[in-house]
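Work through the three exercises below with the sequence and the structure at hand. Each task is followed by a solution in steps.

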Amino acid sequence: MQCHYCDRDADVAVEKDGVKVGVCTDHFREQMAELEDADWIEELDEQLDIDRRE
Ligand SMILES: [Zn+2]
């Protein structure tokens, strides 16, 4: 799968509003920063066991 935002290979597949989208880690973090209040991020976070950095 290819990243939805750039030409790199997607590292993560996220489902948002019923649509599956592939994103690279850079864009995933970017989206996470923008949508940090969204419920789906929390679910995804648990799945990926992401190393959070301040
Ligand atoms: Zn990307």
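**Exercise 1: Leu 48**

At a relative accessibility of 36%, Leu 48 counts as partly exposed. The model is a predicted one.

Task: Explain the class given to Leu 48, then place the residue in the chain and find what Leu 48 touches.

Solution.
1. Buried requires under 20% and exposed requires over 50%. The value for Leu 48 is 36%, so Leu 48 is partly exposed.
2. Leu 48 belongs to helix H2, which covers residues 39-48.
3. Not counting residues up to four places away in sequence, Leu 48 touches Val 12 and Phe 28.
4. Val 12 is 36 residues from Leu 48 along the chain, and the C-alpha atoms of the two are separated by 8.9 Å.

**Exercise 2: His 27**

Task: Decide whether His 27 is buried or exposed, and list its contacts beyond four places in sequence.

Solution.
1. His 27 lies in helix H1, residues 25-34.
2. The relative accessible area of His 27 is 16%. Buried means under 20%, so His 27 is buried.
3. With neighbours within four places in sequence left aside, His 27 is in contact with Cys 3, Tyr 5 and Cys 6.

**Exercise 3: Asp 7**

Task: Locate Asp 7, classify its exposure, and state how far its C-alpha atom is from that of Cys 24.

Solution.
1. Asp 7 is found in the segment before strand E1 (12-16).
2. Its relative accessible area is 72%. Exposed means over 50%, so Asp 7 is exposed.
3. Asp 7 and Cys 24 are 17 residues apart along the chain, with 9.2 Å between their C-alpha atoms.

Terms used. Residues numbered from 1 in each chain as written. Predicted model: local features only at pLDDT ≥ 70, side-chain atom pairs only at ≥ 80, totals over all residues. Heavy atoms only, no water. Helix = DSSP H or I, 4+ residues; strand = E, 2+ residues; numbered from the N terminus. Buried < 20%, exposed > 50% of the residue type's maximum accessible area, 1.4 Å probe, protein only. Contact = heavy atoms within 4.5 Å.
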